[in-house]
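Visitor: I would like a close look at one part of this model. Please start from a single detail and then work outward.

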Amino acid sequence: MNALSKDVIPSGTKRSSLAALNDWVAEVAALTQPDAIHWCDGGDAEYAALIAQMQADGTLIKLNEQTHPNSWLHRSHPDDVARVEHLTFVCTTDKEDAGPNNHWMSPADGHKQMDELFAGCMRGRTMYVIPYCMGPIDSPLARCGVEITDSAYVVANMRIMTRMGAAALARIEREGSFVKGLHSIGELDPNRRYIMHFPEELAIKSYGSGYGGNALLGKKCHALRIASHQARNEGWLAEHMLILGLENPQGETHYIAAAFPSACGKTNLAMLIPPEGYRRDGWKVWTIGDDICWMRPGADGRLYAINPEAGFFGVAPGTSEKSNPNALASIQHDTIFTNVGVTADNQPWWEGLDHGTPVKDWQGRDYAPGNGPAAHPNSRFTVSAKQCPSYSPKAEDAQGVPISAIVFGGRRASLVPLVFEARDWTHGVLVGAAMGSETTAAATGAVGVMRRDPMAMKPFCGYNFADYFSHWLSFDKPGAKLPKIFHVNWFRKGDDGKFLWPGFGDNLRVLEWMIKRVKGEVDAIDTPVGALPKAEHINLDGIDLSDEARTKLFGFDRNGWRAEFASLEEFLGEFGDRAPHALKVEQQRIAAQLD
Ligand code: GTP
Ligand code: SPV
Ligand code: MN
């Protein structure tokens, strides 16, 4: 690997059009004082050299080459294992533009605070410059960025998760604009850790964490927080959604985008394998993306979506041959595992895996159940999407795929039925805005606490939620052919505290009903909160549901919903006059029907 001298851009690129990038790199180098600067080309040789270097310095541990060729384990600092929402800021000139949904700081204060942390922080380290493209390299929906980081682990992950290197640099040269992301692991000290966004400057500064969404700046920082701001200005949507294609036995494929909060089932749904009977009949699910969706209206009025990512940063625990065979097949080789346990013969191991026994836990200690799980609950795999058996060729389509249905959902132990349908777009936006879910290990803090998480974007919307809801509503205009909107809950629990719905592959039964509704093939039961499926229209062949399960999964609890709508009114009230009038009217319309 050749470290290039400080003021040189790769040969063959024109200085004139890349001047802004080169100036920024020089400015960052002057601030952070790295020993060397490396411009990433994204090539195989570069990746191999980085991996070798990380193996030598202990950042990566080689896993069993026979069972998991070319795969690695990384152990994070034990205080650095998840996103840190309390240390994540949106810095806008006007505080109101960030909204009550974000932590705010003025751009001047944000820069000052971050630049103090960055001063001299790369002494003795190499500074990597990573040009990347979010989305197929030739897609009009794609956007580019450059991440500067002092973490080789981040470079390796960004190479899997984005289209990184020379082609992205060429697009930046052509377009002249890119998102600037500056990252340093710093001292990995939770007291010196901030993730700051400057949407008005299309810039990100992240210090003190090497983990996932805190450090792989193309992902949540760029593709959601900054992109949501760009999307609002440019008339599109940047969402925390999976995208899948559902192919029926006739060979028609409908594309569905679904927003579930972190660790609430996006990767699993995106890679679903249909139940046996469905498979025999010819049903198939195609994976387009598992975490982020960028979509915008096409010439025909439909919404077209791309997956801006090129890989999966998926939750390991719970991934098994039974729950998600496509994910398991994807991660048998060329995979980076972060914070999982290992077996005696150095295979990766996590809770829920169907075979093997852990001997070391995620911190590298001898495994002892008294220390907690072998794998951290937010342990992850990083793998190229191309390794997924269900990866759709359409995921590389520059124009994106047309979306037939949008699905919202959360972890709701009570009240919320398995599935319901919004009556129209405005109601659907309210359904999304009203989303609630129990918190998970994907972010630091308490787990299992119910909170509002509109459109699964609470941690990721780069501007005021009130304006975000208005932006969503604005898509309903003449000529628009908008998708139907549904809500699901795979996580309803019975009196015994167990999940009532089998979930995973059986979720296909719910998707099938949605498509029947999209095609106008079946009627439904109208309730104030939305349309529920008639028993005869959801195929439950081969699954055994108790009476309690049937009532709770398919029933409508008027009193419970009345209380829910009172709390929703309070939530919308937090946004004051800025919340769209139409949404409040919709909330009141339904509340009145519930009385
Ligand atoms: P992020 O990557 O954090 O955004 O998460 P995600 O939304 O992709 O969640 P993922 O699919 O990784 O699932 C998270 C956890 O939920 C895993 O432990 C899964 O086993 C579990 N899970 C996923 N789908 C289902 C389901 O249908 N039913 C139940 N009970 N659990 C599920
Ligand atoms: C999430 O938390 O929603 C994730 C993982 O997908 S991270 O990349 O850390 O944001
Ligand atoms: Mn996510």
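Which residue just after helix 14 takes a positive phi?

Guide: This is a predicted model, so the description follows the prediction. The residue is Gly520, with a positive phi of about 70°, just after helix 14. Helix 14 itself spans residues 508-518. Most of this helix is covered: 10 of its 11 residues are buried. The buried set begins with Leu508, Arg509, Val510, Leu511 and Glu512. Trp513, Met514, Ile515, Lys516 and Arg517 are buried too. Charged side chains are therefore not left out: Arg509, Glu512, Lys516 and Arg517 fall under the 20% cut-off for relative accessible area.

Now to helix 2. A glycine follows here as well: Gly58 sits just after helix 2, with a positive phi of about 90°. Helix 2 covers residues 44-57, 14 in number. From first C-alpha to last, helix 2 reaches 20 Å, close to the 20 Å expected at 1.5 Å a residue. Its buried residues are Glu46, Tyr47, Leu50, Ile51 and Met54. Viewed down the helix axis, they fall within an arc of 130°, so they line one face. The face turned away from that buried side carries exposed residues: Asp44, Ala45 and Ala56.

What lies over the buried residues of helix 2? The cover includes strand 1 (36-39), strand 3 (72-74) and strand 6 (126-134). Helix 5 (152-161), strand 8 (163-164) and strand 19 (336-338) are also part of the cover.

Strands 3 and 19 lead on to a sheet. Here 5 strands form an open sheet, in the order 2-3-19-23-18, with mixed pairing. Its edges are strand 2 (61-62) and strand 18 (311-315), each paired on one side only. Strand 2 meets strand 3 in the antiparallel sense, over 2 bridges. Within that region, Ile61 stands opposite Leu73 in strand 3.

Last, the metal site. The manganese ion (ligand 3) is coordinated by Lys220 (NZ), His240 (NE2) and Asp291 (OD), at 2.1 to 2.5 Å. Around this ion, 6 donor atoms subtend angles of 64 to 172°, which makes the arrangement irregular. In sequence the donor residues are spaced K-x19-H-x50-D. His240 and Asp291 link distant parts of the chain, 51 residues apart. His240 lies in the loop between strand 12 (237-239) and strand 13 (241-247). Asp291 lies in the loop between strand 15 (284-289) and strand 16 (293-297). His240 is buried, and Asp291 is buried as well.

Note on methods. Residues numbered from 1 in each chain as written. Chains lettered and ligands numbered in written order. Predicted model: local features only at pLDDT ≥ 70, side-chain atom pairs only at ≥ 80, totals over all residues. Heavy atoms only, no water. Helix = DSSP H or I, 4+ residues; strand = E, 2+ residues; numbered from the N terminus. Expected span 1.5 Å × (residues − 1). Buried < 20%, exposed > 50% of the residue type's maximum accessible area, 1.4 Å probe, protein only. Arc of directions from axis to C-beta. Contact = heavy atoms within 4.5 Å. Pairing = 2+ DSSP bridges. Donors = N, O, S within 2.8 Å, 3.2 Å for Na, K, Ca; no water. Tetrahedral: all angles 85-135°; square planar, octahedral: opposite > 155°, others 65-115°.
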